[in-house]
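Work through the exercises below with the model open. Try each task before you read its solution.

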There are 2 protein chains.
Amino acid sequence: MSDCDACVVRNRAICSALMPDELAALSKLGRKQMVSRGQTLVWEGDESLVVANVIQGVLKLSVSTQDGREQIVGVVFPSDFIGRPFGKESPYGVTALTDAEVCIFTRTAFDGFAKEHPDLQHKLLQRTLDELDRARQWMMLLGRKTASERIATLLIEISDRLGASGCSPIAPFLEKFELPMDRQQMGDLLGLTIETVSRQLTKLKEAEIIELPDRRSVIIKDRRRLENIATAA
Amino acid sequence: MSDCDACVVRNRAICSALMPDELAALSKLGRKQMVSRGQTLVWEGDESLVVANVIQGVLKLSVSTQDGREQIVGVVFPSDFIGRPFGKESPYGVTALTDAEVCIFTRTAFDGFAKEHPDLQHKLLQRTLDELDRARQWMMLLGRKTASERIATLLIEISDRLGASGCSPIAPFLEKFELPMDRQQMGDLLGLTIETVSRQLTKLKEAEIIELPDRRSVIIKDRRRLENIATAA
DNA sequence: TCTCTGCATTGACCTAGGTCAAGCAAGCAA
DNA sequence: TTGCTTGCTTGACCTAGGTCAATGCAGAGA
């Protein structure tokens, strides 16, 4: 991690709280690491040993029951922060949904550095508060929304977050994008089965609200209507 | 809020990060306020104008759809922190489930104070991280658990949190307690209807796992079995 | 005492979404 | 070309939990 200046997420990740000399000090503690699709960075229940910034790619945070049901409890995009600073075991696993690149730190080294840099902690606090708000919106989805509302919400959310985190400088959202996950993972995120996900996507396609050129691609043809479905309006 | 020394949550709320003189300064910014059952402290979507510590009582954080479905996205107990510091509108409403007492601050005053006191922010960060973990566990419940697993989980959770936050000095959990909410609110928290909540409670009663002396009271007779149901073991 | 009011429970029925079981298309190896 | 694999879709059926409609029951008031 020699060259933070060239880092594509330099100005959006928590690093943006730091001055150049502080950044240089932090960079000595971490290193870049590739994570290939499907590879698990942190196991659910393990002691929290590392934290990281996402540089490229998309990863999932997930929880499982003993009998194998899985729930994805978070999805992280470039510039997002991963991990549980300040002690504790990780209550969820972290697995790459696409090939990814992260900037990784041992938790203890990061904790120590964070304690000395209030601005960094402030940034981290803001991010955590945002993440909590997002988790709570998702609780509404899981507890009260119908299958079609869930699918519509997911498509809007991915379009927005790929737009905001992607390299595209201005787009607030994307109307064509690649899903960073397969149908099973969409189900695990939405609290649905793979079959229901598939049926709802077909329904949206038949209503000409979206197009599905191939398994992974989505084109939003009528964003207004999709938003209406998502918000149950 | 003249006398923080006498405050029952002094050592558990975020105030515990402060030295006596700092605490005195903070106390000048806030005041105690009673909130009676059913009263709303913050409306969903309103600009975030206040934050608070809970001294007594229990409050809910909730989100609604346009057509009136409600999801409770958080429940706060004594010593917990309420509100969305550092800008933004509140994405959820805050309403008292029982008569409550809070120690309230304007958000701007609190933000200013927090910026000058890294230890306070650190404490707040830890709390927010814990809250996020709890929200994510609840996402698993809402997305993947059955009705009976949900009810069992809720009873365990309330027993634990009343035990930890209550005045009882040692009890890690309570085997007899008052529910701080009615059946409708249990449903809104679990993503179920009032009827399903009622039926599942009756089932647990008939299995002699719990007793229900009156509408609001619960006695856990067989905690082991209840935990097994909660974790889907 | 009776009645009113607000929850909670219970029962009968219904449906959204789960389950199970085929198909089917794209990629890939031989 | 065939056959195999992996992921997706589709159809037929089932069930957990929702909906609708009584009924019950405790506390408040008169």
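How many salt bridges are there between chain B and chain A?

**Exercise 1. Count and place the salt bridges between the chains.**

Solution. The model is predicted.

Step 1. The count between chain B and chain A is twelve salt bridges. Over all chains, the count comes to 34.

Step 2. Take one of them. The side chains of A:R69 and B:E149 meet with N to O at 2.9 Å. A:R69 sits in the loop between β4 (59–64) and β5 (70–76) of chain A, and B:E149 sits in helix α4 (residues 147–165) of chain B, so the pair crosses between chains. Step 3. Check B:E149 for burial. Its relative accessible area is 9%, under the 20% cut-off, so B:E149 is buried.

**Exercise 2. Follow B:R136 across the interface.**

Solution. Step 1. Find its acidic partner. B:R136 forms a salt bridge with A:E131, with the closest N and O atoms 3.2 Å apart. This pair also runs between chains, from helix α3 (residues 118–144) of chain A to helix α3 of chain B.

Step 2. Check burial at both ends. A:E131 has a relative accessible area of 15% and is buried. B:R136 is buried too, at 4% relative accessibility.

Step 3. Look for a ring. B:R136 lies over the face of A:Y92, at 5.1 Å from the ring centre.

**Exercise 3. Describe the interface as a whole.**

Solution. Step 1. Start with contacts. On chain B, 48 residues are in contact with 48 residues of chain A.

Step 2. Add the area. About 4400 Å² is buried between chain B and chain A. Carbon and sulfur atoms give 60% of that area.

Step 3. Name the main contributors. B:R136, B:M139 and B:R144 supply 19% of the area that chain B buries against chain A, more than any other three residues.

Step 4. Add the polar part. There are 26 residue pairs in polar contact across the interface of chain B and chain A.

Step 5. Assign the surface to elements. On the side of chain B that touches chain A, β4 (59–64), β5 (70–76), α3 (118–144) and α5 (183–190) each supply at least two residues. The most comes from α3(B), with 21 residues.

**Exercise 4. List the surroundings of B:E70.**

Solution. Step 1. Locate the residue. B:E70 is in strand β5 of chain B.

Step 2. Find a polar partner. The side chains of B:E70 and B:K60 make a polar contact at 2.7 Å.

Step 3. List the contacts, leaving out residues up to four places away in sequence. In chain A, B:E70 touches A:M140 and A:R144. In chain B, B:E70 touches B:K60, B:S62, B:V63, B:S64 and B:D188.

**Exercise 5. Which residues does the salt bridge of B:D80 tie together?**

Solution. Step 1. The partner is B:R161, and the closest N and O atoms are 2.9 Å apart.

Step 2. B:D80 lies in the loop between β5 and β6 of chain B, and B:R161 lies in helix α4 of chain B, so the pair ties together parts that are 81 residues apart in sequence.

Step 3. Both ends are buried: B:D80 at 11% relative accessibility, and B:R161 at 13%.

Step 4. Now turn to chain A. A:D80, A:R127, A:E157 and A:R161 are linked in a network of salt bridges.

**Exercise 6. Classify the ring pair of A:F81 and A:F110.**

Solution. Step 1. The count over all chains comes to four aromatic pairs. The ring centres of A:F81 and A:F110 are 5.4 Å apart and the planes are at 40°, so the pair is tilted.

Step 2. Place the pair. A:F81 is in strand β6 (residues 81–82) of chain A, while A:F110 is in helix α2 (residues 107–116) of chain A, 29 residues apart.

Step 3. Check burial. A:F81 counts as buried at 15% relative accessibility. A:F110 is buried at 1%.

Step 4. Widen the view. A:F81, A:F105 and A:F110 form one aromatic cluster.

Step 5. Add a charge over a ring in chain B. B:R223 lies over the face of B:F173, at 3.6 Å from the ring centre.

**Exercise 7. Is helix α5 of chain A enclosed or open?**

Solution. Step 1. Count its buried residues. Six of the eight residues of α5(A) (residues 183–190) are buried, so the helix is largely enclosed by the rest of the structure.

Step 2. Name them. They are A:Q185, A:M186, A:G187, A:D188, A:L189 and A:L190.

Step 3. Inspect the start. A side-chain oxygen of A:D182 reaches to within 3.1 Å of the backbone nitrogen of A:Q184.

Step 4. Inspect what follows. After α5(A) comes A:G191, with a positive phi near 70°.

Definitions and conventions. Residues numbered from 1 in each chain as written. Chains lettered and ligands numbered in written order. Predicted model: local features only at pLDDT ≥ 70, side-chain atom pairs only at ≥ 80, totals over all residues. Heavy atoms only, no water. Phe/Tyr/Trp six-rings, centres within 6.5 Å; stacked < 30°, edge-to-face > 60°. Helix = DSSP H or I, 4+ residues; strand = E, 2+ residues; numbered from the N terminus. Buried < 20%, exposed > 50% of the residue type's maximum accessible area, 1.4 Å probe, protein only. Lys NZ or Arg CZ within 6 Å of the ring centre and 35° of its normal. Contact = heavy atoms within 4.5 Å. Buried area = accessible area lost by both parts, 1.4 Å probe. Salt bridge = Lys/Arg side-chain N within 4 Å of Asp/Glu carboxyl O. Polar contact = N/O pair within 3.5 Å; in protein donor to acceptor, adjacent residues only side chain to side chain.
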